[in-house]
Amino acid sequence: MTLLRRTEELILLAVLQLGENAYGVTIRRHLMEITGEHFSFASVYVPLDRLTERGYVTATDGPPTKERGGRRRRFYRVTPGGVAALAEMERVRSALRQGVPKLAFG
Amino acid sequence: MSRHDTPPRLGAWLLERLRPHGDSDVLLGDFEEEYHYLRGRYGARAARRWYWRQVLLSLPGFTAQLAYWSLTMLKNYLIIAGRQLVKNGRYTVINVVGLSVALACCIVAYLNYDFSFGFDKFHENAERIYRVNSIRVVHDNPQEWGITPMPLGPAMQAEFPFIDNVVRISLGDAVFQYEEKVFNETVYFADPAFFDVFTFPLRHGTPDVLRDPGRIVLNPETAVKYFGQENPIGRQVTIRFDDELRTFTVGAVVEKIPQNSSIQFDILAAYDNLRVYGDDLEDWRRWGHVTFLDVPDPAALAGLSDRLTAYIGLQNTARPDLEFERFYFVPLPEMFLTSDPTRAYILTESLHPAAVVSPAVIAVLLLLMACFNFMNTAIAFAGKRLKEIGVRKVMGGLRRQLIGQFMGESMLLCVIAFGLALLLAEVFAPAYSSLWPYLDLQVDYADNAPLLVFLAALLLITGIIAGAYPAFYISSFSPVNILKGRQQLAGLNYFTRALLTFQLTIAVMVILAGIVFTNNARYQETVDLGYDKEMVLMVPLGNPDRFTTYRDALVQNPDILNVAGSRSHIGYSYFGRVAETLPAAGREAIKGEIDVYLIGENYLETMGLRIVDGRGFDLDMDTDFTDAVMVNQTFARQFGLTEPVGQTIILDSTRYEVVGVFEDFFDAGVWNPVDPGALRLTTPDRYYYLSARVRSDRLDETNAFLRQTWQRLVPEEPYNGLYQNEEVLAEAKTINTGIRTTFFYIALLATVIAAAGLFGLMSLAIARRTKEIGIRKVLGASVFSVGRLINKEFIVMLLIASVLASVLGYFVIKMLLDSIWAYHGGVGLLPCVLATVFMFVIALATVGWQVYKIATSNPVQALRYE
């Protein structure tokens, strides 16, 4: 199993936090609020496509809405595989932190 | 509702393009949602600005993703295409081989064209070099001459300051000696600026070499011939011109001269050395060389031609017998287009236009044939893939994708064929070059930008032509019809029929051409040249003093039937003279140029010239040396002499009496019509050639005897004897062999391609009629009637093709023959019939076993089919 990339990990976490309400607009806003960095739609959707392909998230389309010009929202949910991938990241990280002085994290 | 209610349409369109494989709808929804949110909070302007910024920011990410997907799709198409090609192995091989051979032919044809159009273009200053030509008017008929009077160049340079340099080039025969190596050579002479004007890089030595008349320049082949691998600079050699012996120092060796250079030399010396031939370089009577001008500003040449009338006057006063009208200028890069007579034997000829155009036309036709084959087999095989196509369409496959799939398959095939073609061209180019002595085609893909562009264009065009029809035609089928089995593959519609007929036509035409050129070669080898070439050996004497001793030694040999001496020799040398008839009652004087041969004792008998009227020369009559002339039949006709014998004609302002008429003979092969010609008797002190008539079964032995005798009597000079028949027919033989060999292979290729096309369509036709044939057989049809049923269509196409090919081929091939030869074997009806029969046999063999198999098969099998 290949490790998640940084944006992929962030997006997975954001989708988990947003729960039922995780779609393009909210994911992007959420990421920008928390990280304080700018995210383009491409930098959200390209990793999301990859996560979908690898089976870490599933997508379901909601009903058409007026504020979107009659278009659907695509909601994302993290699969057990996605959760496992996040857990793997945690394991790797803590293993790497072993013995590194606390000071390093300020 | 203002236009700001919705997001920018162009931006939305862009986003849609960017996610063809993802869901652009969702993305657009996100953008629109955010847009409305921002518009509500910050206003429409800010929202639009945001929208555009986001579109631009998203561009790199989505584009990269798009590229990745395209590659993935391409991989998918390639895999499917590869599977298809492997599945139809036999047809893939036929198609790939046909295409690659045709493509390789195209590459060779292009190289051939490039070689021809590259003539003389390698000179760095080619754009500012001009050759001076002259125009003579004979019988109101302007003739272009490539030679100029010797003093013209220097006079022009002195008068017109815009001429930077003048280079005159001339040549002469000489005997070249270094230590014990002695050979006859042709020495070229050029003005000192030669290496400033022309680009001939030097391997050894310095470009100022020609400023010293005592130094010479060699080409690499000559340097190796005399000096081996050592550096010859500074070596002393002796050169004998006529009777004058001179010592020269080797001053430079040039790099190998490209074959497509008009200027070719083995040995080059300073122009001043021409004086050894007794030439007065300031004499306006002296002609026989070419003049090049180096003009940095070519615009200055405009109108110059009209300002040279003073020189025309000088020339015409000096040579009233050879009047010229004007001088004009030909740019060096265009010189290859000018006609042969202007080459003046000093410059090498460029390719005959027929040798450039016909390979190109044939190569393109072959490529078209191969492409048509490709189309026909692709359509034929689409029949097997109809279900796949139907399913793909039902599953939502776009027409665009199907087109992409078919084009992809065709392109893949082309790429494979192309790789093969590149390799094949490496074999074809040298093979083709070796057929023609003047050709040297270099395949150099790395260092040849135009060739690369040409190849890429060829690949693209081939792929499109080959793939377009199946791609657009097959993808247009309706899936419902396909899956219900209603879609009849219009296998043999008019289009495919036309393609096959075209292929067969070309194949029959090429076979016809092969037969005609083979016939012609045989005809021209055995054609009566008007004299007896088969029994004659000829030895250039170099010096007339040698004639008597040599002749006396030769006549001892019983194999030698006759020995003649002469100043001219058929196929070797004659003199151009102006002849004039006397005005008679009711008839004006006719003036014109003729070929005059100065002959000596026994020449008429030795060469087998035939006297048709009057008598030959009589050596015992002194007046025959001074007053008598013999003319040929063409002379009599063109000068209007119905009773030539006894008439008086004027040759170079001297009166002669016509004592006899001889049959027309061809001077050097049958390239040109016979010129009006005359024979005059000359004295032994001018015998430069010795001709021996020998027993035809003892040619080689007698030649050896001639050589031994020569070496005994004239040890200081090499023996240069030659066989008359080989000498005059050598060039025609080379050309004929080249054409014959080329057409043999082209005919083979065309036949194979056409047969492959026929085979493919036959399989298709049989596959479509399997059930019908089964039913017919059940109802009692014979093998013969089934065979006829299937063959009928193909035989009709073959007949149409044969008639078309015979009619078209007759004219095209005759045109080609006419453009090369004045006299040739013609086309004739028999070759047309032969070519047709040949194609029929091939076609029957190709389809025969298929038809036989189906016609003799058990009908139950056919009816159970599917």
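**Entry 1: nonpolar cores**

I began with the nonpolar cores of this predicted model. The largest core holds 159 residues. I noted the members with the most contacts inside this core: Val108(B), Leu366(B), Leu512(B) and Ala750(B). I then looked up which element contributes most, and found helix α19 of chain B, residues 724-768, which supplies 20 residues to this core.

I also recorded a second core, separate from the largest one, with 56 residues. Among its members are Met156(B), Phe194(B), Val197(B) and Tyr271(B).

I next examined Leu512(B) and set aside its neighbours within four places in sequence. The remaining contacts of Leu512(B) are Ala805(B), Ser806(B), Gly809(B), Ile813(B), Pro831(B), Cys832(B) and Ala835(B).

**Entry 2: chain B as a whole**

I counted the elements of chain B as 23 helices and 22 strands. The radius of gyration of chain B is 37 Å, whereas the globule rule gives 29 Å for 866 residues; the chain is therefore more spread out than a compact globule. Along the principal axes, I read a span of about 115 × 85 × 65 Å for the C-alpha trace of chain B.

I noted that 39% of the 866 residues of chain B count as buried. I also looked at contacts in chain B between residues at least 6 apart in sequence, of which 81% join residues at least 24 apart.

**Entry 3: confidence**

For chain B, I recorded an average pLDDT of 83, with 94% of the residues scoring at least 70. The predictor assigns the complex an ipTM of 0.81 and a pTM of 0.70. I kept in mind that predicted coordinates should not be read in detail where pLDDT is low.

**Entry 4: chain A**

I turned to chain A and found 4 helices and 2 strands. Starting at the N terminus, I read the order of elements as α-α-α-β-β-α. The C-alpha atoms of chain A fill a box of roughly 55 × 30 × 20 Å along the principal axes.

Of the 106 residues in chain A, 32% are buried. For contacts in chain A between residues at least 6 apart in sequence, I noted that 47% join residues at least 24 apart.

I then followed helix α4 of chain A, residues 80-97. This helix has 18 residues and reaches 26 Å from its first C-alpha to its last, close to the 26 Å expected at 1.5 Å a residue. After α4(A) comes Gly99(A), for which I recorded a positive phi near 80 degrees.

**Entry 5: where the chains touch**

I asked how many residues each chain gives to the contact. Chain B gives 20 residues and chain A gives 16 residues. On the side of chain B that touches chain A, the elements giving two or more residues are α2 (24-42) and α3 (44-87) of chain B. The largest share of this side, 11 residues, comes from α2(B). I sorted the residues on this side of chain B into 6 nonpolar, 8 polar and 6 charged.

**Entry 6: positive phi in chain B**

I looked up Glu179(B), a residue other than glycine with a positive phi, near 50 degrees. Glu179(B) lies in the loop between β3 (165-178) and β4 (181-190) of chain B. I counted 11 other C-beta atoms within 10 Å of Glu179(B), so this residue is exposed.

Asn602(B) is not a glycine either, yet has a positive phi of about 65 degrees. I located Asn602(B) in the loop between β15 (591-599) and α15 (603-607) of chain B. Asn602(B) is partly exposed, because 19 other C-beta atoms lie within 10 Å.

**Entry 7: two helix residues of chain B**

I placed Gln633(B) in helix α17, residues 633-638, of chain B. Gln633(B) has 19 other C-beta atoms within 10 Å and is therefore partly exposed. Leaving aside its neighbours within four places in sequence, I found Gln633(B) in contact with Val612(B), Val661(B), Glu663(B) and Asp664(B). I also took the distance from Gln633(B) to Ser100(B): the two are 533 residues apart in sequence and 54 Å apart in space, C-alpha to C-alpha.

I asked whether Ala845(B) is buried or exposed. Ala845(B) counts as exposed because it has 10 C-beta neighbours inside 10 Å. I found Ala845(B) in helix α22, residues 829-856, of chain B. From C-alpha to C-alpha, Ala845(B) and Phe759(B) are 9.9 Å apart in space, and in sequence they are 86 residues apart.

Notes:
Residues are numbered from 1 along each chain as its sequence is written. Chains are lettered from A and ligands numbered from 1 in the order in which they are written. This is a predicted model: local features need pLDDT of at least 70, side-chain atom pairs count only at pLDDT 80 or more; totals for chains, interfaces and linings use all residues. The expected span of a helix is 1.5 Å times one less than its number of residues. Two residues are in contact if their C-beta atoms, placed from the backbone, lie within 7 Å. Ala, Val, Leu, Ile, Met, Phe, Trp, Tyr, Cys and Pro count as nonpolar, Asp, Glu, Lys and Arg as charged, and the others, Gly among them, as polar. A residue is buried if 20 or more other C-beta atoms lie within 10 Å of its own, exposed if 12 or fewer, and partly exposed in between; C-beta atoms are placed from the backbone. A nonpolar core is a set of buried Ala, Val, Leu, Ile, Met, Phe, Trp, Tyr and Cys residues joined through C-beta atoms within 7 Å. pLDDT is the predictor's confidence in each residue, from 0 to 100. The radius of gyration is taken over C-alpha atoms; the globule rule is 2.2 Å times the number of residues to the power 0.38.
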